[in-house]
Amino acid sequence: MQDAILAMLAKEPSHGYDLGLRLRRALGPLGGSMNAGQVYVTLARLEKAGLVVHERSEESPARPDRKVYALTDAGHERVAAWLAEVNRPKPDLVEFHLKLAAASASRLADPVELVDAQRRELLRRLAEAQRAVLAEPEGSTGGLLLEGIALRLQADLRWLEACERVWSGAGKESGNE
Amino acid sequence: MNVLQVRDLAKRHGRKDNLVRAVDGVDLDVPAGQMLAVMGPSGCGKSTLLHLMGGLERPTGGQVWLAGERIDTAGERALARLRRRSVGFVFQSFHLVEELTAAENVELPVLLAGGSPRAAKRRARHLLDQVGLAHRARHLPWKLSGGERQRVAVARALANEPLVVLADEPTGNLDTAATNEVLRLFADLRGMGQTLVLVTHDGRVAASADRLISMRDGVFVEDTWLGGRTGQFDGLFAMGD
């Protein structure tokens, strides 16, 4: 979120309120899960880190939210670096993988049960994402983000199948269907 | 009312050391209007289960009831009639007749069930319109995209107003956009109260259902209710830094 806000400020200096609106618009149906306070908290952090500065707006001094934020040089550099950077997969696969290994080694939990619990959670999220995908008109950009989320969850589910096969001790691809 | 009821249903192949329990004593009630998905790895018995429920295969044990009528012991002619009139099938590889147009493919089951050519035409026009393919009615299947072909197949499955639509990996041959086309259509059908049973290993298809059964080695290992929630993607997207 820090990077997204910095990138929006690269276009022009803005009020926190406007930034919130723009973020929500970019996120489409997912924007609803963002709370307004997050933008201000993030801006305060960015300011502390020397990436943005603010000044008071002169247009309408009567309103409380009159800080206009702008990027510093360091902020500009960070935006450029962020845009150039390749997104790495999130490390939660690594963590879950290590969790299964640890559960098995310590015998504190059954890895297959951990896989089952994880699957339930993924399916719950996928059901929500899928429902939202279908509620969007075809070809909308908001729908595109949801579709990406659904495809990732689907990939995670397929990986869990592989986890289950290995941790349940035997390959069960007998093909008797 | 339950459209489908299954009691202690079993399908076994082979003997002794080679005995395969494809379906190993399952119970299931599918209420009218439910969209049920059965999910599991290949070889878990889910396709066999679907075939048993649609009268395509006979069980080696247990019972299948379709709208209160027992079908596992029904005679061949009764079973054939039931497959034509009461059950609509959708397959992974569409199974359209390649020599017939989209409209003719949909008309066929009406004609086979004894409907007049006029009634068949009217029904096909209505159904192709419903699946959004009225403008493709005169096309042969090879001129249609995968998603369109599967939508024609769904229209055909609905031709005789079946009690239940049984779909076996309906998106197995489709890319993600076409998968959405078909899932959108299923969602519409569910909205109209059509009972649907899908077997799949595609998480997206499974997640579109009201209810999800997980199957392993011929038995149900989990039965989860997915439908009816209103929660917005609270857990989906962590907005933290």
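Q: Let's start at the end of a helix: which residue follows α3(B), and is its phi positive or negative?
A: Gly114(B) comes after α3(B), and its phi is positive, near 95 degrees. Keep in mind as we go that this is a predicted model.

Q: And how do I read the helix itself? Which residues of α3(B) are buried?
A: Start with the general idea: an α-helix has 3.6 residues a turn, so residues three or four places apart point the same way. In helix α3 of chain B, residues 102–112, the buried set is Ala102(B), Ala103(B), Asn105(B), Val106(B), Glu107(B), Pro109(B) and Val110(B). Note that Asn105(B) and Glu107(B) are on that list too.

Q: What do those buried residues pack against?
A: Two helices of chain B: α4 (117–130) and α5 (146–157).

Q: Can we look at that from the α4 side? Is Leu128(B) buried or exposed?
A: Leu128(B) sits in helix α4 of chain B. Its relative accessibility is 1%, so Leu128(B) counts as buried. Leaving out residues up to four places away in sequence, Leu128(B) touches Ala102(B), Ala103(B) and Val106(B), along with Leu133(B), Ala134(B), Ala137(B), Val152(B) and Ala155(B). Ala102(B), Ala103(B) and Val106(B) are among the buried residues of α3(B).

Q: How far is Leu128(B) from Trp142(B)?
A: They are 14 residues apart along the chain, and their C-alpha atoms are separated by 17 Å.

Q: Now sheets. What holds the strands together, and what is the strand order in the six-stranded one?
A: Strands of a sheet pair through backbone hydrogen bonds, either parallel or antiparallel. Here, the open sheet of six strands in chain B runs β6-β7-β8-β3-β9-β10, with mixed pairing. The edges are β6 (87–90) and β10 (219–225), each with a single partner strand, so one side of each has no neighbour in the sheet. On average, neighbouring strands are turned by 20 degrees against each other, ignoring direction.

Q: How many bridges join β9(B) to β10(B)?
A: Six, and the two strands run antiparallel, with β9 covering residues 211–216. To find a register point, take Leu212(B): its bridge partner in β10(B) is Thr224(B).

Q: What about the four-stranded sheet?
A: That one is also open, in the order β2-β1-β4-β5 of chain B, and its pairing is antiparallel. At the edges stand β2 (20–31) and β5 (69–70), each paired on one side only. Strand β1(B), residues 2–13, pairs with β2(B) in the antiparallel sense over nine bridges. One spot to click on is Arg12(B), whose bridge partner in β2(B) is Arg21(B).

Q: Where in chain B does pLDDT stay under 50?
A: Over residues 229–241, although the model has 31 contacts beyond four places in sequence for that stretch. Where pLDDT is low, the predicted coordinates should not be read in detail. As a whole, chain B averages a pLDDT of 90, and 94% of its residues score at least 70.

Q: Over to chain A: at what angle do α1(A) and α4(A) pack?
A: Two packed helices are described by the angle between their axes and the distance between the axes. For α1 (2–11) and α4 (73–84) of chain A, the angle is about 115 degrees and the axes lie 9 Å apart. The crossing is left-handed.

Q: Which residues meet there?
A: From α1(A), Gln2(A), Asp3(A), Ala4(A), Leu6(A), Ala7(A) and Ala10(A) meet Arg78(A), Val79(A) and Trp82(A) of α4(A). By class, that contact has six nonpolar, one polar and two charged residues.

How values were computed:
Residues numbered from 1 in each chain as written. Chains lettered and ligands numbered in written order. Predicted model: local features only at pLDDT ≥ 70, side-chain atom pairs only at ≥ 80, totals over all residues. Heavy atoms only, no water. Axes fitted to C-alpha atoms, helices over the stretch in contact; angles between N-to-C directions. Left-handed = near helix turned anticlockwise from the far one by under 90°. Contact = heavy atoms within 4.5 Å. Nonpolar A, V, L, I, M, F, W, Y, C, P; charged D, E, K, R; others polar. pLDDT = per-residue confidence, 0-100. Pairing = 2+ DSSP bridges. Buried < 20%, exposed > 50% of the residue type's maximum accessible area, 1.4 Å probe, protein only.
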